Amino acid sequence: MSFAAMKSSLQLSAGEMLALKSLPVATQITAKKALQGSTADLARLSDFIPLSNASRFCCLVPIFHAALDSVQVPSYINPKTIPDVMRAKWALMGLVKICTVVPLASDRSGDDAMTKYMVRRWDETYPWMRFFARNCLPPPYDVSVTPPRPDLCNVFDAAKLCISPLTIICTRSEEGRHMLRSSVSVQHYIAQLWILVGNIRGDVLPGDPGTTSDGLVPMIRSTFALTNFVCVSQSEDPGKITLPVSNYIHAAGGVKPVVITLLRYIRRITRDAVSVEEPRSRTTHDPNIIQLHIFTVGLNYSFWFLSTICRQDPSCRARLIHQGSIRTVVDAINQISPKILVQGSEELDSDPQMGLANRHNVLWSGYSYIESAIRDADDGVTAVCQALDAGLLQTLANGVACPPHSNRHRNQPQGDIELLFLLATFCIYHRVVGSIFRHWYLASREKPEIRNKDLAIALHIVLRATTDAMKYRNVEPMNFHEYRCSGPGCPMQASKFVSKKRRCSGCLISIYCSEKCQRTAWRSGHKKWCQVLRCTVGPWGSRDIRQSLQVIAGFETSAISGSMEDVESRVREAQQQFPAFSDRLVLLLDMTVYPPENYVLPVHTLEQFPGGDPIWPEIADEIRARSDSPPKGYMFSVVKVHLGKSKFTLFSPSTALSMAFEGQYFSDEDVYDSADDDDWKTLGDQDSNYDSESLDDK
């Protein structure tokens, strides 16, 4: 069918026609026939474009644009519209190839080919990209279904037409990146393609000619990570609009599909990277080095995308941790580290793109995600245990034997070391200490050769904090308030309770074997210390804090006794800064950072310790009267801890445990008096019906 029968011949300007004369004669003849309406010759033009020295073939772009201008996207497909579809297919294929092979800033204006030939003609190219995605690719959520019209374009070619331009836009065009961030329609299109590629199981698409050793699917999978990150990242220009990440999540079908697909991408990109054969020569020109570089860059952007959606969307953050994202990232780092931390030639290691510095950045971005996930988690202890159980410390320990690259600056954020300092702040919890001991402490006796001293020091800090925590945890009697009745003089162990366990609903610490012991304890001193003990476990009464009080108390005592000069100095400064409250100062030990820091503040500045409550001066007086070495210049100490994003200021666990349970309040010879039963019922009897299961849930 002649083009003249459908529409007038494609028209080019005189300058565009003159530019065609610079091409080889065979290409000029084919271009002339394509201008006359030959679809077959239009298809041949893209084959004439070489992979190198392709800038001279940019003069073919007006032909491809003219072909696209001459046809419209059909509302339905029938024998009359198929020629238009095929013409658009080959014109779009030629544009994609030109934009792929032509280097950056191909003309005097400095604009790259993608910006000039596709982004600024987006109204022409994008509708056809959507058309081929809708008709020639399988549905995103069920890739086993045959595309509606595979006869128009096979899946392999459709993937190149619909997905490859997005990657080129992200790498070369600032205008294009802004378009991806600000267009709802384009983000919906990208999200659907991302889900589609994530659901493809094999590495070969239908229609793949098999002309290259690198499968198209692994390459698309690794490069799509950049496209996703661009969609949710902030614009280079603060004045330009960026859509919220919730728009992208909604376009992809919600939180669950995003989480499952993202973790699947990370696992498969890691698998692709690990399966790359060993290079014959560790140079920048080795094909295996280039292939490994593509996969590691894809993994790096996947980690960044992971961090971005976690930071901006709390529901995604919680779902990812629940689905094992920390474990997935640790596994990826553990598998890929031996591949990328191998020193090569000086040319390779100093290369700005493939060098050792960028390879280290892949690991740091993964460690940075783990650090941010733990710090922002609702349950940071569980997140830490997930990372430890996945072998995080073994992976970091292996990095000690790898020399740091020359571009590593001390003032540059280092994800591995920052993560280790964060882990040190969680060594106060018994679950974390148990995980470290099970998975790393015993194996750490075999010390590797130390080449990265900074990382080795950070690992030593975590090990030392773990050994200290184990020492504090094993102090006799071990967590007596959890394992025996808190009734005065009652020797009953919790395992031998005949009736249901009774935990005081006021302090959430004391447990009793019977109603009689609970009443006796209230009458004998628990009435005063109940509120203080509740301030020792925080407003939520976290089980992790309750079961770790003895360890926290040990760290508190050690930190304060080891920094007495600093404490005395801060007391003097606080007395000068707050002269009206010099008799109501408290020592705050901040254990949310490592090493812990000391502050001296008035008691009313602490949210959980209202200054008008008369109990705190009474407690301070009792501490001075009963302590062998009472605090000097302050009423008592408090400890600041965190469980992820939640931070709590606790009354001194060492003081509360030693005084509230000292001698179990009084000896066995004391007589029980029930005169204060009504008072006791106010707090103590509220929880008398707790059984063992409900007790463990608190």
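Which residues does Thr-425 touch, not counting residues up to four places away in sequence? In this predicted model, Thr-425 lies in helix 23, which spans residues 415-425. Its contacts beyond that sequence window are with Met-591, Thr-592, Val-593, Tyr-594 and His-642. The relative accessible area of Thr-425 is 4%, so the residue is buried, the cut-off being under 20%. The side chain of Thr-425 also reaches the backbone oxygen of Leu-422, at 2.5 Å.

Tyr-594, one of the residues touched by Thr-425, precedes a cis peptide bond. The bond runs from Tyr-594 to Pro-595 and has an omega near -5 degrees. Pro-595 is placed in the loop between strand 3 (585-590) and strand 4 (597-602). A further backbone feature occurs at Leu-508, where phi is positive, at about 65 degrees, although the residue is not a glycine. Leu-508 belongs to the loop that connects strand 1 (502-503) with strand 2 (511-512). With a relative accessible area of 5%, Leu-508 is counted as buried.

For the protein chain as a whole, the secondary structure amounts to 34 helices and 6 strands. The chain has 698 residues, of which 53% are buried. Of the contacts between residues at least 6 apart in sequence, 74% join residues at least 24 apart.

Helix 15 (residues 255-274) takes part in two helix contacts described here. Its axis comes within 9 Å of that of helix 16 (residues 287-312), and the two cross at roughly 155 degrees. Because this angle is over 145 degrees, helix 15 is roughly antiparallel to helix 16. The crossing is left-handed. On the side of helix 15, the contact is made by Val-258, Leu-262, Ile-266, Ile-269, Thr-270, Asp-272 and Ala-273. Helix 16 contributes Leu-292, Phe-295, Gly-298, Leu-299, Ser-302, Phe-303, Phe-305, Leu-306 and Ile-309. By class, the residues of this contact comprise 12 nonpolar, 3 polar and 1 charged. An α-helix has 3.6 residues a turn, so residues three or four places apart point the same way. Val-258, Leu-262 and Ile-266 are among the residues of helix 15 that make the contact with helix 16.

The axes of helix 15 and helix 17 (residues 314-322) come within 10 Å and cross at roughly 50 degrees. That angle makes helix 15 oblique to helix 17. Here the crossing is right-handed. Val-255, Lys-256, Val-259 and Leu-263 of helix 15 meet Ser-315, Cys-316, Arg-319 and Leu-320 of helix 17. The residues of this contact divide into 5 nonpolar, 1 polar and 2 charged.

Phe-305, which helix 16 brings to its contact with helix 15, is also touched by Asn-228. Asn-228 is situated in helix 13 (residues 216-232). Besides Phe-305, Asn-228 touches Ile-190, Trp-194 and Tyr-248, residues up to four places away in sequence not being counted. Its relative accessibility is 1%, and Asn-228 therefore counts as buried.

Helix 13 is also among the elements against which the buried residues of helix 11 pack, together with helix 8 (122-136), helix 10 (164-172) and helix 12 (184-199). In helix 11 (residues 174-182), the buried positions are Gly-176, Arg-177, Met-179, Leu-180 and Arg-181. The N-terminal end of helix 11 is capped by Ser-173, with a side-chain oxygen 2.9 Å from the backbone nitrogen of Gly-176.

Toward the N terminus, helix 4 (residues 39-48) has Asp-41, Leu-42, Ala-43, Leu-45 and Ser-46 as its buried residues. These residues are covered by elements that include helix 3 (25-35), helix 5 (61-69) and helix 6 (82-101). The loop between helix 5 and helix 6 contains Thr-81. At 16% relative accessibility, Thr-81 counts as buried, since the cut-off is under 20%. The side chain of Thr-81 reaches the backbone nitrogen of Asn-78 at 2.9 Å. Thr-81 also touches Pro-74 and Tyr-76, not counting residues up to four places away in sequence. The C-alpha atoms of Thr-81 and Val-71 are 9.3 Å apart, the two residues being separated by 10 residues along the chain.

Definitions and conventions: Residues numbered from 1 in each chain as written. Predicted model: local features only at pLDDT ≥ 70, side-chain atom pairs only at ≥ 80, totals over all residues. Heavy atoms only, no water. Axes fitted to C-alpha atoms, helices over the stretch in contact; angles between N-to-C directions. Helix = DSSP H or I, 4+ residues; strand = E, 2+ residues; numbered from the N terminus. Parallel < 35°, antiparallel > 145°, perpendicular 65-115°, else oblique. Left-handed = near helix turned anticlockwise from the far one by under 90°. Contact = heavy atoms within 4.5 Å. Nonpolar A, V, L, I, M, F, W, Y, C, P; charged D, E, K, R; others polar. Buried < 20%, exposed > 50% of the residue type's maximum accessible area, 1.4 Å probe, protein only. Polar contact = N/O pair within 3.5 Å; in protein donor to acceptor, adjacent residues only side chain to side chain.
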